[in-house]
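Biologist: Could you take me on a close look at the cysteines and the surroundings they sit in? I'd love one connected account.

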Amino acid sequence: MKVIRIVLGKIILVLNFVFSPRGVKRTSEAQQQANEKAKALSLYQFEACPFCVKVRREMKRQSVNIELKDAKNDNVAREQLLEGGGRVKVPCLKIEKDGQVEWMYESSDIVSYLQKEFA
């Protein structure tokens with residue numbers, strides 16, 4: 001089962017690379033505003049997780065650079081996810097706004113959030 005997961009993960013990554021979406025074009029001022037908003041976000045993810053790939057593709061479509069944290073290979077990121085969000089499940093978007101922290105787990109919810117915030 002582990003071998004199948006590894007092979008499928010590599011296939012997903014190759015297909016994502018080949019069929020990478022184009023980012024939205026913004027004015028430099030609008031892109032600066034988007035970059036400032038993105039500083040309050042962190043995405044906890046696994047590299048080959050199909051749901052994480054879905055979220056990263058939306059990030060590319062929206063031309064936002066959100067900090068990526070590898071919850072599989074980085075023990076510090078894994079602990080942050082467990083302590084902050086309550087479980088090690090990816091993708092998870094950490095949103096810091098007005099001194100509050102929200103942990104958003106479902107890929108469809110994260111994609112909707114990114115579309116609402118950056119479209």
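Modeller: Happy to! Keep in mind that this is a predicted model. It holds 0 disulfides. C49 takes part in none, although the nearest cysteine sulfur, that of C52, is 3.3 Å away; a disulfide needs the two sulfur atoms within 2.5 Å, so this pair does not count as one. C49 is also buried, at a relative accessible area of 12%. For C92, the closest cysteine sulfur is again in C52, but it lies 9.9 Å away, which is too far for a bond. C92 counts as buried too, with 0% relative accessibility.

Now for the surroundings. C92 belongs to strand β3, residues 92–97, which runs antiparallel to β4, residues 100–104, with 5 bridges joining the two. Within this pairing, E96 stands opposite V101. The hairpin has 2 residues between its strands, and D98 adopts a positive phi near 55° there.

Strand β3 also leads us inward. Along with α2, β1, α3 and α5, it supplies at least two residues of the largest nonpolar core. That core has 16 residues, and L41, I66, L93 and L114 have the most contacts inside it. Helix α5 gives the largest share, 5 residues. Beyond its neighbours within four places in sequence, L93 touches several residues, including L41, L43, I66, W103, I110 and Y113. C49, by contrast, is in a second, separate core of 10 residues, which also includes A77, L81 and W103. In soluble globular proteins, nonpolar side chains tend to be buried together.

Technical notes: Residues are numbered from 1 along each chain as its sequence is written. This is a predicted model: local features need pLDDT of at least 70, side-chain atom pairs count only at pLDDT 80 or more; totals for chains, interfaces and linings use all residues. Side-chain values use heavy atoms; hydrogens and water are left out. Two strands pair if DSSP finds at least two bridges between them. Helices (H or I, at least four residues) and strands (E, at least two) are DSSP runs, numbered from the N terminus. Buried means under 20% relative accessible area, exposed over 50%, partly exposed in between (1.4 Å probe, protein chains only). A nonpolar core is a set of buried Ala, Val, Leu, Ile, Met, Phe, Trp, Tyr and Cys residues joined through side-chain atoms within 4.5 Å. Contact means heavy atoms within 4.5 Å.
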